[in-house]
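User: Please take a close look at one metal site in this model, and explain how it is built and how it sits in the chain around it.

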Amino acid sequence: MLDHRGLLSLSDIPITQLRDFFRRLVQKRRDSVTRASRVQSPVGCLAFFENSTRTLTSFEKAGLDLGLRWIHFDPSLSSLSKGESLEESFKSLAELDPSFFVVRHSEPGFAHWVQHWTQKPVFNAGDGRHQHPTQALGDAWTLWKQDLKSGSVAFFGDVENSRVARSSGFLFKKLGYRVSVVNDGRPQTLLFSKAMGFRLLARDKLPSQKIVFVLRAQKERGGHSALGPLLKKELGRGSYWMHAGPVIENEDVEWALCRFEDENSLVRQQVRACYEVRYRLLADLFEGSR
Amino acid sequence: MRRLYSKRVWNERTGRFEPGLIEIRKGRIDSIDFGSKRSLAKTEDLGESFVGPSAIDLHIHSRGFDENHKEDFESLEAAAQRGGVGLMACMANTQPRLDSPKRILDFLRLTKNRSIRMLPFAAVTEKLEGKTPTAWKELLKMPIAGLSDDGKPLWNEEIFVAALKATKAAGKLLSLHEEDLSCSEASVIHLSEASMRTGHKGSPEEAETRMVERDLAWAARLRAPIHLCHLSSEKTLSLIRRYQKKGVKVSSELTPHHALLSVEDFREREPLEWSQFKVCPVIRERSDREALCRAARSGLISVFASDHAPHSRLEKDRPMESAAHGILSLENHLPLYDLVRRRSKLSWGDYFRLSAQKPADLLGLGQEWGHLKPGYWANLIVFEETKPQDLEWGRSKSSNGPWKGLKAQVRMLQHWSQGRQVYG
Ligand SMILES: [Zn+2]
Ligand SMILES: [Zn+2]
């Protein structure tokens with residue numbers, strides 16, 4: 001799954017590697033990256049340019065459980081605000097010799113540039129509307145854990161502005177799910193479905209879908225949902241709904257669905273699965289050195 | 001006096017390369033003896049090399065002044081020498097802007113006595129902000145190519161109309177960057193499957209066509225000639241065709257990047273290369289590219305103009321959204337447009353019309369520039385065909401461009417500018 005560049009994008013990962021990765025996730029090995037008590041454990045650098053608690057804390061916890069240590073690069077406190085270039089900021093950070101980076105930024109391709117500048121492994125924790133690979137792996141792992149290894153997945157909401165729809169949808173399709181996008185009548189949505197090779201689904205066909213993946217309206221990227229909340233009656237019997245969080249109650253899904261413990265909600269499982277994926281990826285990164 | 005002999009000298013009258021003996025005197029072509037069998041004594045024998053008129057490029061971002069780190073007038077001159085461009089019209093969006101007679105004089109002072117002629121455009125509005133007109137009356141009496149706010153559209157219709165009247169009266173160009181910013185704001189790439197897949201904000205073709213439509217309507221109403229920069233979309237071409245049929249004089253430009261690349265080329269590139277494709281207007285579909293090339297052949301598009309735009313590494317080597325717009329091309333002007341010629345099946349007659357004759361006419365210099373004919377300035381290029389080889393860069397101070405993978409099929413051997421050999 002990882003190469004010397006870390007995990008920047010999912011586009012080139014062969015399907016066999018994905019299956020192998022999920023197999024190893026099942027094993028639930030306990031790992032530690034510290035070789036011996038006297039040897040200092042590796043340091044990862046978290047550089048988040050966009051608000052995020054979920055992904056940030058998930059990575060952080062996974063690292064701590066492995067015995068990693070973290071440094072935080074806070075862009076708002078950095079010399080960037082004094083006009084230093086991004087390139088120089090990251091090259092300076094790389095001089096401190098952290099073992100790897102976890103980055104989130106609003107621009108597509110950002111993680112690739114950080115990798116290029118620092119020559120360190122980089123985990124892409126979201127680059128604008130482009131990708132969110134560990135979320136996608138976590139979402140796919142959620143389904144595999146439920147033994148939902150095939151079937152239909154429909155994305156519901158502001159797909160155009162969603163990196164989750166792009167990367168999780170891409171991965172679902174790669175794993176053989178029938179992926180569609182709920183038609184909200186907007187030309188952008190049509191173009192998106194064409195570009196990604198997803199089918200366009202009429203809203204009244206939602207009950208036929210095994211999984212409905214609800215997306216948050218990306219207001220910070222000028223997005224909005226033309227569909228309104230997902231209604232309970234739109235979810236078929238024995239179907240599930242997912243959401244990458246945070247769920248905006250009664251805006252993304254109606255009140256009646258906002259009982260996350262209910263059987264048809266996979267939201268909590270996704271949080272857990274994403275953690276497990278990140279734990280495994282970080283462990284894999286140091287496997288060679290153990 | 002200098003004498004050049006080649007078996008392949010461009011003969012405008014026959015539309016062929018023919019054996020010819022060129023005599024150059026006082027910077028001008030004194031005579032061309034076509035059919036001349038052999039070179040005389042004291043004649044440089046160029047063998048079978050091609051000889052044709054050098055190019056005139058109406059759209060160059062010179063930089064210089066406060067942006068000497070991107071390109072200065074020396075490197076610009078050196079790039080044009082190798083590219084085979086003998087005269088360039090330079091846009092007003094330098095730092096500081098060419099928005100006053102004093103700034104124009106600064107430009108003229110810095111570019112005087114260079115081996116390549118450089119003509120400035122003066123800004124239409126102060127600081128290119130589109131709000132306050134510059135001193136047009138005074139500026140239009142100076143040796144300038146015309147007025148242009150290129151880089152920015154003239155969104156203020158009142159100012160646009162007044163500028164169109166002023167340039168018409170002065171017989172100078174009004175060079176228009178046509179972009180409706182309300183459609184294209186924050187966009188970095190053509191609105192397409194590629195923009196959707198990579199999560200970039202896309203620019204629809206309406207960003208160009210809406211503005212072009214507004215301006216063509218005014219050109220028709222005022223019976224004023226109009227010049228449109230860097231066309232990008234097929235729909236714009238049908239608008240131009242419609243107005244040309246009504247008798248409106250519309251001239252327009254074809255850049256090498258819009259002629260050679262499409263958004264499909266972008267799709268195959270790695271994220272680290274994305275920003276090299278960022279240019280305004282955006283590079284669109286293959287069907288647009290092909291339509292633009294056909295329009296160059298038919299004469300609907302009038303000139304080759306490169307929109308050469310150097311940018312520093314800091315501005316370009318970064319994620320696409322925050323990278324600068326613009327593509328470098330000047331020093332490979334000949335090999336790039338030669339590729340356009342090959343792919344679009346242009347004749348050499350078409351080629352020299354687009355690269356030299358029409359641009360000279362548009363500048364009002366058609367009596368002395370743009371032709372390989374007696375009485376004209378001796379502006380000529382000598383080149384040969386080669387096996388496909390990598391494009392050579394290094395004369396410009398910058399290196400931004402999406403040209404990786406394109407192969408040159410001609411090589412510049414000599415470039416003569418106003419009777420002086422400046423390359424080779
Ligand atoms: Zn422009
Ligand atoms: Zn320009």
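Analyst: What follows describes the site of the zinc ion (ligand 2) and then the chain that holds it.

The model is predicted, and in it the zinc ion (ligand 2) takes its protein donors from B:H59 (NE2), B:H61 (NE2), B:D150 (OD) and B:D307 (OD), which lie 2.0 to 2.2 Å from the ion. The angles among these four donor atoms run from 82 to 164 degrees, and the site is irregular; the tetrahedral label would require all angles to lie between 85 and 135 degrees. Water is not among the atoms, so the site may look incomplete.

In sequence, the donor residues follow the spacing H-x1-H-x88-D-x156-D. B:D150 belongs to the loop between strand 9 (146-148) and helix 4 (157-170) of chain B, while B:D307 belongs to the loop between strand 15 (303-304) and helix 13 (313-316), so this pair ties together parts that are 157 residues apart in sequence. Both aspartates are buried, B:D150 with a relative accessibility of 2% and B:D307 with a relative accessible area of 7%. B:D150 also coordinates the zinc ion (ligand 1), which is 3.4 Å from the zinc ion (ligand 2).

As for the surrounding chain, chain B contains 15 helices and 18 strands, and 64% of its 424 residues are buried. Among its contacts between residues at least 6 apart in sequence, 75% join residues at least 24 apart. Its radius of gyration is 21 Å, which agrees with the value near 22 Å for a compact globule of 424 residues, and its C-alpha trace spans about 65 × 50 × 45 Å along the principal axes.

How values were computed. Residues numbered from 1 in each chain as written. Chains lettered and ligands numbered in written order. Predicted model: local features only at pLDDT ≥ 70, side-chain atom pairs only at ≥ 80, totals over all residues. Heavy atoms only, no water. Donors = N, O, S within 2.8 Å, 3.2 Å for Na, K, Ca; no water. Tetrahedral: all angles 85-135°; square planar, octahedral: opposite > 155°, others 65-115°. Helix = DSSP H or I, 4+ residues; strand = E, 2+ residues; numbered from the N terminus. Buried < 20%, exposed > 50% of the residue type's maximum accessible area, 1.4 Å probe, protein only. Rg over C-alpha atoms; globule rule 2.2 N^0.38 Å. Contact = heavy atoms within 4.5 Å.
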